[in-house]
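Let's take a walk through this protein together, starting with the whole and ending with single residues. Keep the viewer open as you read.

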Amino acid sequence: MEHENRTAADGGTGDYNGGGNGTNPRRIRIFDTTLRDGEQTPGISMSPEQKLEIARRLDRLGVDAIEAGFPVISKGEHKAVRMIASDGLSCEVAGLARANRGDIDSAAEAGLRYVHTFIATSDLHLQYKLKMSRQDALRRAVDAVEYAKSRGMQVEFSAEDATRTDRKFLGEVFSAVASAGADRIDIPDTVGYATPEYVAAITADAISASGGLPISVHCHNDFGLAVANALAGIGAGASCAHVTINGIGERAGNASLEELAMALKCLSHGADDGRGNGVPGKAAYETGIVSEQLYDVSRYISSVVGIQVQPNKAIVGENAFGHESGIHTHGILNNPLTYEPISPELVGRRRWLHVGKHAGIHGMNAMLQEYGIEPDEEQSKQILERVKALGDRGEYVTDVELLSFASEVLGDRGIKQLVHLTGFSVSTGIGTMPYAFVKLDIDGKEFYGTDYGVGPVDAALNAIERITDRTSELRIKDYGLASISGGSSALCEVTISVEDAGGNSVSAKSVGEDIVTTSVKAVIEGINRIMLKSMMREKTKQD
């Protein structure tokens, strides 16, 4: 199904059913709540303009619906929702509303035609939060649905804390709101308390109680089961999952969009060949997600909200397609499927190899070949010995150090330097914003860069990035600082990672007394190596 045709013709519910037997995959709707539930992550707050830009990126990513926000909570939130609702996006745009008429009015006044309304149904919430009986909550739920429908809105109803709600009462609620005109039913695992088996069971209950309405699952990750629970709900008949980019959200977050989308796309989920035989890798489901955009969207949202993605996170984590072990890298070089379940390019990534004490000769030589260095067998052993010795000391071995070891063994200390630092100064003080000037010689041409920052290091790195982004589309991806000695003349160690437009990255390290100068030197080393790698890659293509 094409991106612009994500909204179903029959009233805009966006449901895609049928199939699921391995021949005709069942279409699953992706409801993204990064802008609402994701923004409830402690410490996160987005401006209306930031929200609009994120919504546009999510739309291009191929989500079926965006929960733009909770319009009634503030003027800024109302403005953001209105901006998104009026932007002409291809996907549906929803807003959250409690089960009361004021919230629903606010959603309608923000230009929404789709409201996600909710009320808690568990005895725990009813007694201690809402101070009302089950029947009071049921009446409120029905009234909210009827009122929203009277305002011409599509209605998705959520029974907050559904997984801790009495199952019989939950069925009564779902049956009542379905009769009141709800278009969709959502099952929230509000505190991530359910297991996949239980989510599957109450999903089946909800389908039955609602008379077959489309069912969504909204899973939180308090026990690390959000994606597994969402998959279980879908396996039991749910047609939609609520997700967020990078899994951000309250407490431990929500089901991760990128993880769920790729699990649906790539895993078999019991798909068969029509004769009861499993078909590994043949997906039973499909979504509208353009998977090649996942990494870029993940990085963008990470930068906006200021929360770094953990390195070992599936799909978008820095290490998701990184390899060090000699056994693994040898296998990867022969056939990537040996240690990668999917191609990194499928999610906008690139495979990368790392050297350390677990490294083997094959992986190390593959890294060296990217820089045009091809040692013989004996030289390879000597280089690897140095790498392992550094790793045994508990130190991180960067690309620059690997090249330094190769230079020592090969006797070639003239590995080409494409970038030279020819001028550098910083100014800072109380009451003034730190400012930096940098002059670089890049392959014989001089470039100047100036910029401000929150500190002198930040200003210096920003100035360098202004030059390199303009000349070679390079950016500084990661920066790490550690003290390795004490006293007034303490040494610091700076480790950085530089990335090019193709997603290739190079790491570098520098040690010195001055933090700013040491940081600049580390970045220049990294830039040199990634430009050399890019140059060798282009040469290989031409050959």
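The protein has 16 helices and 18 strands in its secondary structure. Please keep in mind from the start that this is a predicted model. Of its 543 residues, 52% count as buried. If you consider contacts between residues at least 6 apart in sequence, 64% of them join residues at least 24 apart. On the outside, the protein exposes about 23600 Å², and carbon and sulfur atoms supply 49% of that area.

Now let's go inside. In soluble globular proteins, nonpolar side chains tend to be buried together. Here, the largest nonpolar core has 89 residues, and the members that touch the most others are Leu-61, Val-63, Phe-157, Leu-257 and Leu-260. Helix α5, covering residues 134-150, gives the most to this core, with 8 residues. A second, separate core holds 50 residues, among them Ile-373, Leu-461, Val-494 and Ala-508.

Leu-257 makes a good guide to its surroundings. Setting aside residues up to four places away in sequence, Leu-257 touches Ile-30, Asp-32, Leu-61, Val-63, Val-243, Thr-244, Ile-245, Ile-289 and Leu-294. Leu-257 is also one of the buried residues of α9, together with Glu-258, Leu-260, Ala-261, Met-262, Ala-263, Leu-264 and Cys-266. This helix is mostly covered, with 8 of its 10 residues buried. What do the buried residues of α9 pack against? Their partners are the strands β2 (29-32), β9 and β10 (285-286), along with the helices α1, α8 (226-235) and α10.

Stay in this region a moment longer and find Thr-244, in the loop between β9 (240-243) and α9 (257-266). Thr-244 has a relative accessible area of 0%, so it counts as buried. Beyond its neighbours within four places in sequence, Thr-244 is in contact with Asp-32, Thr-33, Thr-34 and Gly-38, and also with Asn-254, Ala-255, Ser-256, Leu-257 and Glu-258.

Two of the helices that α9 packs against, α1 and α10, also meet each other. The axes of α1 (residues 48-61) and α10 (residues 294-305) come within 10 Å and cross at roughly 170°. Because of that angle, α1 is roughly antiparallel to α10. The crossing is left-handed. On the α1 side, the contact is made by Gln-50, Glu-53, Ile-54, Arg-57, Leu-58 and Leu-61, while α10 contributes Leu-294, Val-297, Tyr-300, Ile-301 and Val-304. Two of these residues, Leu-61 and Leu-294, appeared above as contacts of Leu-257.

Another helix pair is worth setting beside this one. The axes of α13 (residues 377-392) and α14 (residues 399-410) come within 9 Å and cross at roughly 140°, so α13 is oblique to α14. Their crossing is right-handed. From α13, the contact involves Gln-379, Gln-382, Ile-383, Arg-386, Val-387 and Leu-390; from α14 it involves Glu-401, Leu-402, Phe-405, Ala-406, Glu-408, Val-409 and Leu-410.

Let's move on to strand β6 (residues 154-160), where Glu-160 is found. Is Glu-160 buried or exposed? Its relative accessible area is 16%, so Glu-160 is buried, given that the cut-off for burial is under 20%. Glu-160 lies 38 residues from Ser-122 in sequence, and their C-alpha atoms are 7.6 Å apart in space. Apart from residues up to four places away in sequence, Glu-160 touches Phe-118, Ile-119, Ala-120, Thr-121, Ser-122, His-125 and Lys-129, as well as Thr-165, Pro-188 and Thr-190.

Asp-161 belongs to the loop between β6 and α6 (167-179). Its phi is near 60°, a positive value in a residue other than glycine. Asp-161 is buried, with a relative accessible area of 0%.

Finally, turn to Asp-443, in the loop between β14 (432-442) and β15 (445-452). Asp-443 also has a positive phi in a residue other than glycine, near 55°. Its relative accessibility is 54%, so Asp-443 counts as exposed, whereas Asp-161 is buried.

Terms used
Residues are numbered from 1 along each chain as its sequence is written. This is a predicted model: local features need pLDDT of at least 70, side-chain atom pairs count only at pLDDT 80 or more; totals for chains, interfaces and linings use all residues. Side-chain values use heavy atoms; hydrogens and water are left out. Helices (H or I, at least four residues) and strands (E, at least two) are DSSP runs, numbered from the N terminus. Buried means under 20% relative accessible area, exposed over 50%, partly exposed in between (1.4 Å probe, protein chains only). Contact means heavy atoms within 4.5 Å. Accessible areas come from the Shrake-Rupley method with a 1.4 Å probe; for residues, only the protein chains shown count as cover. A nonpolar core is a set of buried Ala, Val, Leu, Ile, Met, Phe, Trp, Tyr and Cys residues joined through side-chain atoms within 4.5 Å. Axes are lines fitted to C-alpha atoms, for helices over the stretch in contact, and angles run from 0 to 180 degrees between N-to-C directions. Angles under 35 degrees count as roughly parallel, over 145 as roughly antiparallel, 65 to 115 as roughly perpendicular and the rest as oblique. A crossing is left-handed if the near helix is turned anticlockwise from the far one by less than a right angle, and right-handed if clockwise.
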